[in-house]
Amino acid sequence: MPAQKIIIDTDPGQDDAVAILLALASPDEIEVLGITAVAGNVPLALTQRNARMVCELAGRRDIRVFAGCDRPLGRDLVTAEHVHGKSGLDGPVLPEPDMPLQDQHGVDFIIDTLRAEPEGSVTLCPLGPLTNIAMAIEKAPDIIPRIRKLVLMGGAYFQVGNITPAAEFNIYVDPQAARIVFRAGVPLVVMPLDVTHKALVTAERNNRFRAIGSHVGIAVAQMTEFFERFDKEKYGSEGAPLHDPCVTAYLVRPDLFKGRHVNVEIETQSELTMGMTVADWWGVSGRAPNAMFMGDIDADGFFALLTDRLARL
Ligand code: BDR
Ligand code: CA
């Protein structure tokens, strides 16, 4: 099978960084056409910088990185320095990137790429708030049928929320954008907290990253050590949840994940439940399914894949 062409839309974020590294380490399965940064975990000036730092860490200065939207469609930006640190990528000490940021706006790169590539050949992989993707869809609806599928990290059903009692961070930050994306009619694969809270970096798994011995292996170990404190304190988890790498792992090994094709709607009205992903897991609404909503992961298989691939960089 030829490698799947993807655009990664991201707000790095330590777990975003690991997701990008996994994609870059898997050239047989994944061809990264470009990376678009969005405001999310930290403001855009940092997410675009962090994306370039991650490419340089992987030795891939040739990857094109674009800055997209610096704020959600209709709300003030909410960030997550309390989880990811001031830079968004706290943990390892990485050099300032010197590979260039592309001049073109990230949204226009998404539109132009989808128009230029064969119809149905490009997969979009959002790892942060859905602002850039929604903007692209609004600005150029002709791209909708050209998208092969969207594989995204966001939402929750059984886990309900992490940033509020009812909402997961990526969806909460830009619920209007999420609503546009979930209603666009594009095939969707969703990695919610129900899956990602099972992808925990235990001490043993982190030792395996460190034991790779390369810059990448050590940096990934340091990243996960930094951001594990938040989930350990909050949930009593065994380690950091690798939310976003579930997206790129799915492209390589879809068999590691199990879910249901269900209807998912986004709450955009109520302040109390703003950004909630109302997933019809039990099929009670009669609404047409619009998303493959994952619920389970083979965590050992996932970490074996990740360690093996990171060792290739
Ligand atoms: C999501 O929010 C961010 O903090 C992570 O990078 C991930 O994309 C998890 O809720
Ligand atoms: Ca993210």
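How far is an oxygen atom of ligand 1 from an N or O atom in the side chain of His84? In this predicted model, the two atoms are 2.7 Å apart. Asp244 gives another such pair, with an N or O atom of its side chain 2.7 Å from an oxygen atom of ligand 1. Asp16 joins in as well: one of its polar side-chain atoms lies 3.0 Å from an oxygen atom of the ligand. Taken alone, ligand 1 exposes 280 Å², and the protein buries 96% of that.

The wider shell takes in residues from many parts of the numbering. Around ligand 1 are Asp15, Asp16, Asn41, His84, Leu127 and Met153, along with Asn162, Glu168, Phe169, Asn170, His243 and Asp244. Sorted by class, these come out as three nonpolar, five polar and four charged residues. As for where the ligand is housed, ligand 1 sits in the largest pocket. Two elements give two or more residues each to the shell around the ligand, namely α1 (14-24) and α6 (169-173).

Now for the pocket itself. The largest pocket holds about 250 Å³ of space. It is lined by 23 residues, and those closest to its centre are Asn41, His84, Asn162, Phe169 and His243. Each of these five also turns up in the list of residues around ligand 1. Elements that put two or more residues into this lining are α1, α3 (81-84), α6 and α10 (215-235). Of these, α10 supplies the largest share, five residues. The lining as a whole is a mix of nine nonpolar, seven polar and seven charged residues.

And what about the second largest pocket? About 160 Å³ of space lies there. Its lining is made up of Met53, Glu56, Leu57, Pro92, Val93, Leu94, Pro95, His215, Ile218, Ala219 and Gln222. Two elements, α2 (44-57) and α10, give two or more residues to this lining. Here too α10 provides the largest share, this time with four residues, so to speak a helix with a hand in both linings. By class, the second lining divides into eight nonpolar residues, two polar and one charged.

Two spots in the backbone deserve a mention. Most residues other than glycine have a negative phi, and most peptide bonds are trans. The peptide bond from Pro12 to Gly13, however, is cis, with omega near -10 degrees. Gly13 is found in the loop between β1 (4-10) and α1, and α1 is one of the elements that give two or more residues to the shell around ligand 1. The other spot is Val160, which has a positive phi of about 60 degrees despite not being a glycine. Val160 belongs to the loop between β5 (147-153) and α6, and α6 likewise gives two or more residues to the ligand shell.

Note on methods
Residues numbered from 1 in each chain as written. Chains lettered and ligands numbered in written order. Predicted model: local features only at pLDDT ≥ 70, side-chain atom pairs only at ≥ 80, totals over all residues. Heavy atoms only, no water. Near = heavy atom within 4 Å. Polar contact = N/O pair within 3.5 Å; in protein donor to acceptor, adjacent residues only side chain to side chain. Areas by Shrake-Rupley, 256 points an atom, 1.4 Å probe, with all protein chains shown as cover. 1 Å grid on protein atoms, 1.4 Å probe; cavity = no way out; pocket = protein on both sides within 12 Å on 5 of 7 lines; lining within 4 Å. Sits in = over half its atoms within 2 Å of the grid points. Nonpolar A, V, L, I, M, F, W, Y, C, P; charged D, E, K, R; others polar. Points joined across faces, edges and corners; volume = space filled by probe spheres on them.
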